Amino acid sequence: MTRYILKRLLLLIPILLAVSLVVFTILRLGHGDPAMAYLRLSSIPPTDQALEVARHELGLDKPFAVQYVSWLGKAVRGDFGISYVTKKPVLDEILYYLPNTLILAGYSLALTLLLSLPLGMISALKKDRLPDHMTRGLSFFGVSIPNFFLGFVLIWIFSIKLHWLPPLGKGGFSHMILPILTMSCMSLCINTRLIRSTMLDNMHSRYVLYARARGLSESVVVRRHVLTNSLIPVITAIGMHAGELFGGAVIAESIFAWPGVGRYAVSAIYNRDYPVMQCFILIMTTIFVLMNLAVDIGYAWLDPRIRMQGDDQ
Amino acid sequence: MNMQSNRLLRHGILILAGLLVLLLVLSAALAPVLSPYDPDEVTLELKFAPPSMAHPLGCDHLGRDVASRLIYGARTSLGCVAVIAGLILVLGFTIGATAGYMGGTVDSILMRICDVFLTFPTFILAMFMIGVLGTGIVNVILAISLTHWAWYARIIRSFVLSLKNREYVLAARVAGTGRFMTVLRHVLPPVFAQLAILATLDIGHMMMHVSGLSFLGLGITPPTPEWGVMIADGRQFVWTHPELILYPGLAIFLTVMAFNILGDGLRDALDPHTQTSSSPEDTLAEPARMAVITEGL
Amino acid sequence: MSCTGKTNPDAYLSVRRLCIASGAKLLVQGVDFDAHKGRVTGLVGESGSGKSLTCQAVMGLLPHELASDGVIALDGKHMPLKGPSSRIRKARSGHAAMILQNPMSCFDPVFTIKSHFRETLAAHGVPKRENTPDRWQAELAEVGFPAPKTILPLYPFQMSGGMLQRVMIALALALDVNFLIADEATTDLDAVSQSRILDLVETLVRQRDIGVLLVTHDLSVIARLATDMLVMHDGVIVERGPVRDIFQAPAHEYTTALLAAHYRLYGMTPPERRPDPALQPTVPPRSLQ
């Protein structure tokens with residue numbers, strides 16, 4: 001197991017390097033002259049001379065490889081440059097807003113897992129009866145509703161009509177409820193259906209038949225065997241949910257004016273604030289990669305077949 | 001519910017979904033004909049006009065007819081998604097099928113490229129690309145296509161790999177059929193069927209990303225009538241005139257649901273491998289995603 | 001369909017009028033038979049003949065969607081066919097155990113052999129102080145593992161089909177049952193493993209006085225081990241009797257066809273359907289060891 005973990009940790013380095021290269025390449029290849037954007041945001045008239053000075057200052061006149069290496073060198077030391085807009089170090093600003101986003105994402109993931117497990121189980125165990133039909137119907141709706149619409153629906157019901165919850169901003173826990181609900185809806189529905197279908201597949205498997213033949217009680221069969229085997233694809237799915245959750249966080253922060261890194265990034269994109277943009281995508285991708293790594297390790301821990309492939313017999 | 005009424009209900013829902021999709025496609029294609037007004041026509045006297053005979057869904061904050069904007073919005077959204085789907089399918093199929101069939105170094109290189117793209121969270125990457133390319137419908141199409149193709153390539157590749165070694169393909173090769181003909185006659189048809197299912201099921205997802213980006217102001221920009229843009233326009237009036245958000249939101253919701261139902265129905269019809277235990281609705285595109293994710297381990 | 005309806009108190013396993021249906025379709029019809037301790041009774045039939053369903057009915061494992069009727073008695077006690085699974089389990093506890101084909105798919109891939117032993121014994125009320133690795137190792141040794149200690153921590157995927165089949169037998173023995181149902185237990189195995197398993201079963205029958213219901217479509221296995229046999233076709237028992245008699249002189253045309261195919265495999269002439277006393281009966285050879 002340790003060998004597996006070490007191997008995956010080592011693989012992180014080339015992965016993150018490749019990510020940084022792609023980001024840097026896209027940035028340089030895209031339209032929009034960073035020098036122009038810089039001047040515009042600094043309210044300096046973009047004369048040819050000013051452009052040249054800006055280009056030199058931003059290091060844009062050097063060859064690609066040199067730019068990349070120097071950029072990478074700075075990034076590794078935590079220097080992602082200065083925001084064109086606020087003139088403050090980018091990393092500091094992003095790290096200031098990031099915890100707010102992570103709080104929302106964390107709670108959303110927790111809600112997804114905590115609710116989908118029992119719902120999926122009940123749906124599977126009471127297949128084709130009322131709880132199953134209700135869960136499946138609701139899940140189907142939940143998967144089709146766009147989160148930017150759902151957010152406003154929730155605001156309308158719970159803030160405007162019922163006055164139960166505040167519609168905007170950051171405050172106590174009550175401010176988090178609506179954003180979290182908005183974000184978790186789709187993942188929750190997908191996960192519930194996944195658990196249901198995985199459990200149903202496992203309930204019809206031969207090891208369940210043999211377990212019953214050996215005299216195990218139904219509750220032991222379900223709790224110990226079916227559930228454990230069903231969790232494996234569910235854990236794998238967490239990585240997928242994380243990706244969706246990040247996108248959902250950006251939207252939820254916009255709707256609910258939540259001061260997170262997504263909202264910050266959106267305004268940076270409006271302003272063509274390139275240093276912020278690239279730091280944003282690098283940080284978010286790194287978090288995503290680390291989450292997937294955790295998922296892989298969890299998956300290997302659960303499934304001995306994966307765990308032992310790397311080790312000698 | 002007994003089997004008969006269950007099946008009838010399923011078929012009824014499928015037909016409804018099909019009709020809805022047809023309606024949407026027609027709206028998209030015939031928008032100039034069907035729409036009663038010009039969607040961009042600003043008539044400030046009609047600001048927030050309630051539903052009436054002349055304006056069945058009322059008017060928005062600039063006096064524009066909501067119904068017309070919805071119809072044109074169908075055109076924008078569906079058109080966008082159609083192009084994206086086309087691009088993704090072409091790109092994903094070319095790379096995935098080539099990698100799967102050729103194997104060896106070609107496969108390794110192509111899959112490394114795929115993996116790099118799969119490492120990014122898709123929506124964030126799309127946002128970043130918009131940041132670099134700028135907003136607008138062309139850039140949205142490019143951004144979403146470039147961020148989503150890798151998933152398809154992987155699925156097509158594993159599918160082609162599984163087909164490559166099937167007995168009937170091997171038999172055809174042994175019988176002397178050339179490589180190209182083998183591919184054409186034996187490998188392509190099931191791949192296309194699988195692609196059709198995947199694409200239909202994913203249309204809803206793509207539509208939500210297009211509208212999501214537009215809602216954030218990072219995609220299709222106002223005044224172009226697009227459902228996400230309409231929601232963004234209407235958000236400031238959620239307290240006073242929530243219907244401006246309701247109509248486009250419902251439009252997206254119903255469209256996505258219709259395509260999901262259609263995709264499930266397509267899968268039932270074309271792919272007989274659905275297990276008896278799990279019903280078609282349960283899975284959408286997840287198992288395919290699972291295959292991709294676990295394969296990447 | 002001849003039946004008295006009353007189960008045979010001398011037989012360990014006694015089945016009367018067993019019927020299993022899926023909706024309106026009858027899968028198993030009026031099955032009657034007895035099986036005794038210390039003897040191997042063979043149940044032969046092709047796939048779809050209903051033999052697996054019969055086994056599942058005896059063990060109380062029929063899926064809920066199937067309707068069933070009839071009487072099943074183990075050691076003189078009537079077994080419930082339907083009802084809460086806890087009741088069904090309790091009734092069969094200590095009486096009968098089952099081993100299945102394709103043993104790799106029967107074990108839970110994420111649990112060790114140790115875990116399988118522990119939970120199986122615990123489910124049958126074995127107290128913690130007796131539910132120990134020593135006991136499990138003893139059972140594994142009895143089925144022929146030279147180093148049982150190394151087997152316990154293994155996962156199913158680390159073992160071969162033959163090994164897992166022996167573990168299945170060990171699990172059955174650990175429950176101290178008097179009857180074993182072997183449902184196509186050797187079908188997936190190679191000839192060597194198959195032979196080992198059959199030897200093991202034969203030894204256990206002799207040493208522990210266990211009764212075995214040996215379900216298979218392979219007549220050589222029947223010829224090797226079974227004393228009596230039942231031939232099942234389309235859910236009905238079409239012929240029954242001592243193995244030797246049936247092999248020499250089958251009465252039913254289905255049995256004849258089966259035997260003909262079996263003999264042809266060995267390059268021999270199949271027996272006549274209706275035996276002529278004037279003809280020298282040919283004894284079927286023992287199949288490969």
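This is a short tour of a predicted model, with suggestions for what to select at each stop. Residues are numbered from 1 along each chain as its sequence is written, while chains are lettered from A and ligands numbered from 1 in the order in which they are written. Because the model is predicted, local features need pLDDT of at least 70 and side-chain atom pairs count only at pLDDT 80 or more, whereas totals for chains, interfaces and linings use all residues.

**Stop 1: chain A.** Select chain A and switch on the cartoon: you will find 13 helices and zero strands (DSSP runs numbered from the N terminus, H or I of at least four residues for helices, E of at least two for strands). Its C-alpha trace spans about 85 × 65 × 30 Å along the principal axes. Of its 313 residues, 44% count as buried, that is, with 20 or more other C-beta atoms within 10 Å of their own, the C-beta atoms being placed from the backbone.

**Stop 2: where chain B meets chain A.** Now add chain B, where 49 residues are in contact with 51 residues of chain A (C-beta atoms, placed from the backbone, within 7 Å). On the chain B side, try selecting α5 (122-133), α8 (179-215), α10 (243-270) and α11 (286-295), which each give two or more residues. Of these, α5(B) gives the most, with eleven residues.

**Stop 3: a hairpin in chain C.** Finally, select residues 228-242 of chain C: strands β9 (228-233) and β10 (236-242) run antiparallel and are joined by six bridges. Click on C:L230 to find its bridge partner in β10(C), C:R240. Two residues sit between the strands of this hairpin, and C:D234 takes a positive phi near 55 degrees.

Definitions and conventions:
A residue is buried if 20 or more other C-beta atoms lie within 10 Å of its own, exposed if 12 or fewer, and partly exposed in between; C-beta atoms are placed from the backbone. Two residues are in contact if their C-beta atoms, placed from the backbone, lie within 7 Å. Two strands pair if DSSP finds at least two bridges between them.
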